[in-house]
Every structure is written in structure tokens, then in C-alpha cells.
Amino acid sequence: MQQTDVVIIGAGLSGLVACKHLRAANLECLVFESTDDIGGVWKYRDESNGKGGVMLSTVSTSSKSVNEFSDFPMPDDYPPFQKHSLVLQYLNDYADHFGIRDAIRLNSEIVEATKCDDYWEIHDHHGNGYRSRYLIVCAGLHQFPDKFYQHDERFQASTINMMHSSDYKRLTDEYVGKDILIFGGGETASDIAIELTHVANSVTVSIPHGQWLFPAVTPIHVPTNGSDTSAMVADTFSSRLRRLVDPPFATFENQLDTKAHFTSRTFEKWNGKCGHGIPEWENDAPYYGQFFNKNSNIIQFVHRGQINPKGNIKSVKGDVVRFADDSETRVDLIVFCCGYQTRFPFFRDQSFGCPINDQFKYLLSNEDPTLAFIGFARPLVGSFMGISELQSIYISKLFAQEIDVPDRAYRDKVILEDKVFQELSFSSTTNRIDGLVNFQSYLDELASLAGVRPNYWQLFFSDPVKWYYAVTAAHNSCQFLLHDKKYHDEIFRRYRRYHGGNFRVSSHIYPLIVNLFPAWFRRRQSPFKSVRKVLSFASAYFLIVVFSPVLLFRIIYPLDKRWRLRKRKMMSDNTAAKLLSQVRANGDR
Ligand SMILES: Cc1cc2nc3c(=O)[nH]c(=O)nc-3n(C[C@H](O)[C@H](O)[C@H](O)COP(=O)(O)OP(=O)(O)OC[C@H]3O[C@@H](n4cnc5c(N)ncnc54)[C@H](O)[C@@H]3O)c2cc1C
């Protein structure tokens, strides 16, 4: 049996970044990949082979600022959102740049993983055996399509053709002239529905529990000298300063009696309830209380009559579908965009792994801390790349014994706290989605555990201009390298790229200014440009002064801190456990 320090299962982006960081921590590792190439879901394949993956037309929904590794920026000429082939190219470049290909074993599916004494024994489908001290599962969330409809009573009397979205790869003749129903409210549902409008006779989209829609690119224009267009990409609306002024925590409003959301109010005022105002797709989830679908282009198709919006499906008889509002539609094909199941068939002991909510920080096995799961925490908005990288940094430090594994009592406590946070914050979604996290808070927590959380106070006192950039720039993983000065040139180059080269005010200020003077900002003539510039700066600094007391209050007494205090109280008087069992009893997990 070949021996190594760490075995990694899967060579998608999580497996690659894990391998890079483990090697940097001087651990020997082997990465096993069942297919013939690296890149996981980003490698386009004509046939799905029963697994999830990109379609021919897939473009990432997370933009470059959140969708790149901290020490390996995407090329400047990449657009803010990339076609799948560019993401795959980037992952290949990453593997070459850090020289990790020699650790990867392609065409090697792991079929068995067993813990024997202090070692993991792993077997691939060729019958080869390996022994390692640590095991990291990077097998991905999109391996096992959830075909719940095969057992759901509502579909038993159906004569309609049914398929899972994982089998939809590209537009072909088989969809021409058909009446097609898409079931689901995520980005894949939007992508497929929009594509099918080109050839289908009719497209209906049934969203069972309602859905928040958010534009990937906002209608707000911000001056920038970077490669991003001047229309503001929603992901870049994520500076620390903005999050301080307008924290993206949904039910904090209910839990902490704060009125936190400038953004949600303005946004719902402009776009309607849940970001679209289409009654059939609305729900009661508060802003940031549910997974966002950022392909909101679908709204236009509804208004143009090319997509019929519907709520949940009540029943299907023959080829007629009845919806929650008792309306009926005849359908030729249903495409189910209802996600995937998380399963790890290679564990002989099936108690390892699921649910992810039961693991420490959705990452480290609580039963056996020599086992980790990278790439299974799901960001509400944000990116898997950002999460998998920081998870890899933390795990490589743990496995290299640079930091201690937290003890069991602490892990149990944190797991319970995280569940409470989830139930309070995302209760309308968590019951259906395992491992849901708030991207930035989760990364900050991991960064603290790994000892790489940036020290902004130190930066403020050593270099206020850099500090200003760092707290007003869009979220980018390079912030977790701030403590190391040798990365500063690259970090601040990147901040300028996403944020403009001048001493600009933060993104949270701009939309407010633009709202105040919409007419001015559309003019192109030079006198208007200069007036606009002066007004822009004057308003910006005026707003900074106006906001200063709010900011100061938020800095001294941040919502995170209030939340932590509340959590601590809930833990100590046992209301956390009671609340959880109450929610579980009422919910449909
Ligand atoms: C259509 C689509 C669009 C997406 N768009 C975005 C986006 O815009 N932004 C974003 O952040 N995320 C997006 N995602 C989510 C996506 O899952 C992540 O971006 C990312 O691919 C996760 O990487 P991973 O390595 O964890 O998993 P994967 O990419 O799924 O890779 C897992 C790898 O493990 C291998 N494997 C599994 N089991 C075994 C085994 N037993 N033995 C050996 N190898 C095994 C698989 O073959 C695969 O190569 C999208 C997903 C899909 C399907």
C-alpha cells in the first residue's frame, strides 16, 4: 500500500486549492480524480454521465472579484463573469503555476475509504490501495442529481417526459416547438428557461417556495478604470465599510430590533417584493434570508410573455399540470432544476460526513478530526472558490499541526451556535439546504481560526491610505494576505482594478449619490462631466460626514458583536437548544 500524508478525493477547484496549500505546509499529498481531467463541474462534457456539470452556455454567476484565488488573480482581460471554458483555463493555469499536476491521479475513482486505527485506508476502482494520516473529501456538491420526482406522489399519474437539469447540456432539436415546464428557482432554472424560450412553443417556470432574484450587474454606474464595466457588478458592492453601515444579516432586524437595511428597502422599492414583484414567485423570506438567484434576466422574459411564472405544482394528471393557484397547463416535458444530494458512497462507515451541518464549520469531521470536507459550505451569495481556499488554508495549518484542533466541547458548542445562526438567519431556506453560510462572516470566522484575519486597526495606524482602500474595496480573497507586506503591491493593484484608481469613496456611498442625481449621471458632455465630478466628490464627502456617527457607532458596537453576545446568552440559558428543537419540530427538513 502506498503511503502519503494526505489523500484528497476530487480534483475540482477544491481539490486543487487544497493540494496547493497542503504542499505549501510541507505535507505530501495525492489527489484522486475519477474523470479524465481536472476542473470538476467546470469541465464541459457533452454527456452528463449522471453527474452535474456546466452546460455549453454556462457563464459563472459569481464575478471575478470573489471568484479568484488570493494569490493567483484572474487575467486582466477576463470579463467580470466568465464562460465555463475560461474558468477551466484559469484552474489549469493555477495547477501549472503551483506545479501540482504531479500529485493528481486521473481516471482513479475512490471506491472505499476506511479508518483503521490511526490511518485512512483508501482504495481506487483499479484495486490500488493507499494509506494516509489524513483524508480530505473534495468530491463536490453536484455529483448526485436529486430525482425526488421519481418517488413524489404528485408525479405518479404523469405521462410527461421528465428530466433532471444535469442532463440538459445544450439546445437541441428535441426541444423545438415543445411546451416545457421548468421546476425550480435557482440560477440553473433561469439559464435553462431563458435558453429554451428561443425554440420552445411555451416555457413555464414553477418555483415551489418562492425565490429572491438579484441582478448580477446593477443599474448603478460607478467610475472605474478597471477591466470591469462601469455598471456596478453586484459582488463588488461588498466592502467592509458598506457591510458595517448596512450589514447583510436578514433576521437581525427581528432578532436585534435593528433596522439595518438601506439596500433591501431601496432594492424592494425599485424592483418589487423579493426583487421581482412577480406574485407567483414571492415568498416571505427577508432580504439576505434566502439563497439569491443572480440570473434575474428571467424577469424581463416574464414581462415579455415568453415565460409563464407559476408557484408550486399541486398535481399532474396525464400531460396536464395543476399549480398552487389551481390553474392548469398542458406540458410535453418537465426539467427539474431541484439540485443534488450530498452523498459519500465510498465511506464504509456511512456515519462519516452527512449532514454537513453536523461538522465543525461545515468542514472538519466532528467525529474524527483527521477527516475534512472542502467545498461543501454553500454561500448565500459569494463563491465556492473563496470558501474552498480559506477552508484549505485552515485545514493545511491543522493537519501540519501549526495550530491545534479545537477540543470536542468547543466544536460541539460552535456547531450548535452555527445551527442557531442558520435557523435564525435563513430559516426559509435552511430547512432545504445543508451547509448554507453567509459568505463574508463565514470567511472571517475561518480566517480567525486560521490566524489570517486582517488586522485593520494595525493597518489604520501604519498606513491610513491603504487602510481606506482595504475597507472600501470590494470583497476579494487577497484581503487574507494583508498581514504579509510582500503581497501588498498585488493586493492594492487588485483593489484598484475593481474599485477605480483614484481616492474614491466606498461603493455604499455611490448608489446613494447616483440616486440623488440620476439625470446628471447620464449626460456625457464634458461640462456635465466636470460638474458631475465636482458634485460626486462633494456629495460623497458630505455623505461621509453624515454617515460618520452611524459608522462610528457601528465600528464601536458592530452588529456582529451584538450577535455574538446574543448567541452567548442563548447558549448559556439553553434557549438555543430549545429554539432549534422547536424549529426542527415545525420545519420540513
Ligand atoms: C452549472 C453550474 C454553475 C455554477 N456556477 C458557479 C458560480 O458561478 N460560482 C460559484 O462559486 N460556484 C458555481 N457553481 C458551483 C460549483 O460547484 C463550484 O464552483 C465548484 O465547482 C466546486 O468545486 P469542487 O471542487 O468542490 O467540486 P466539483 O467541481 O464538483 O469537483 C469535484 C470533483 O471530484 C471528483 N470526484 C467525485 N467523487 C470522486 C471519487 N469517489 N473519486 C475520485 N474523484 C471523485 C469529481 O469527478 C469532480 O471532478 C456552479 C455549479 C454548476 C453545476
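User: What makes a residue count as nonpolar, charged or polar in the shell around the ligand?

Analyst: Ala, Val, Leu, Ile, Met, Phe, Trp, Tyr, Cys and Pro count as nonpolar, Asp, Glu, Lys and Arg as charged, and the others, Gly among them, as polar. In this predicted model, the shell around the ligand divides on that basis into 14 nonpolar, 21 polar and 2 charged residues.

User: Which residues come nearest to the ligand, and which helices supply residues of its shell?

Analyst: Of the 37 residues around the ligand, Gly10, Gly12, Gly40, Gly140 and Gly375 come nearest, and Gly counts as polar. Helix 1 and helix 8 each supply at least two residues of the shell.

User: Why is helix 1 called largely enclosed?

Analyst: A residue is buried if 20 or more other C-beta atoms lie within 10 Å of its own, and 10 of the 12 residues of helix 1 are buried, so the rest of the structure largely encloses this helix. Among the buried ones are Leu13, Val17 and Leu22, and what covers the buried residues includes strand 1 (2-9), helix 2 (84-97) and helix 8 (384-399).

User: How do you know what span is expected of helix 1?

Analyst: The expected span is 1.5 Å times one less than the number of residues; for the 12 residues of helix 1 this is 16 Å, and the helix reaches 17 Å from its first C-alpha to its last, which is close to that value. Just after helix 1, Asn26 takes a positive phi of about 65 degrees.

User: What makes helix 3 mostly covered?

Analyst: In helix 3 (residues 187-196), 9 of the 10 residues are buried, including Glu187, Asp191 and Leu196, and their cover includes strand 9 (179-183) and helix 7 (298-303).

Key: Residues are numbered from 1 along each chain as its sequence is written. This is a predicted model: local features need pLDDT of at least 70, side-chain atom pairs count only at pLDDT 80 or more; totals for chains, interfaces and linings use all residues. Helices (H or I, at least four residues) and strands (E, at least two) are DSSP runs, numbered from the N terminus. Two residues are in contact if their C-beta atoms, placed from the backbone, lie within 7 Å. A residue is near a molecule or strand if its C-beta atom, placed from the backbone, lies within 6 Å of it.
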